[in-house]
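Biologist: I'd like to learn how to read charged contacts in a model like this one. Could you walk me through them?

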Amino acid sequence: MAGLTHDLATERIVLERFLAEPRWSRPALRVALHDIDPDLIDGALAGLIVAGLVTPDRTEMQLAACVGHLAALGMLRET
């Protein structure tokens, strides 16, 4: 993952997808976000994983339970 572009705007878009649907495979996410460069998506995923907002699995990634709970409590707001 070295050399990936870190883009907060793309992280926000990817996180919004996870808030709408908490489980994604990397290929499905790339299809859903077809208008965004795949390298930016990979960089955003790396940033979200490092921050603990998304947890990787063998074939899928999912929204961390704490983030889903914060969203359910209405603690997340758009900026």
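Modeller: Happy to! Let's begin with one pair: the side chains of Arg30 and Asp42 meet in a salt bridge, with 2.5 Å from N to O. Here a salt bridge is a side-chain nitrogen of Lys or Arg within 4 Å of a carboxyl oxygen of Asp or Glu. Arg30 belongs to helix α2 and Asp42 to helix α3, so the contact ties together parts twelve residues apart in sequence. Helices (H or I, at least four residues) and strands (E, at least two) are DSSP runs, numbered from the N terminus.

Biologist: What should I know about the model before I trust such a distance?

Modeller: This is a predicted model, in which local features need pLDDT of at least 70 and side-chain atom pairs count only at pLDDT 80 or more, while totals for chains, interfaces and linings use all residues. Residues are numbered from 1 along each chain as its sequence is written, and side-chain values use heavy atoms, leaving out hydrogens and water.

Biologist: Which other residue forms a salt bridge with Asp42?

Modeller: In general, side chains of opposite charge can pair when their charged atoms come close. In this case Arg26 is the partner, and its closest N and O atoms with Asp42 are 2.8 Å apart. Arg26 lies in helix α2 (residues 26–32) and Asp42 in helix α3 (residues 38–50), so this pair joins parts 16 residues apart in sequence.

Biologist: Is Asp42 buried or exposed?

Modeller: The scale first: buried means under 20% relative accessible area, exposed over 50%, and partly exposed in between (1.4 Å probe, protein chains only). Asp42 is buried, at 12%. Arg26 is partly exposed at 25%, and Arg30 is partly exposed at 33%.

Biologist: How many salt bridges does the structure hold?

Modeller: There are four. One of them joins Glu60 and Arg23, at 3.0 Å from N to O. That pair links distant parts of the chain, 37 residues apart: Glu60 is in the loop between β2 (54–56) and β3 (61–63), and Arg23 is in strand β1 (residues 23–24). Glu60 is partly exposed at 27% relative accessibility, and Arg23 is partly exposed too, at 36%.

Biologist: Which residues are linked with Arg23 in a network of salt bridges?

Modeller: For a network, follow the bridges from residue to residue. Here Asp57 and Glu60 are linked with Arg23.
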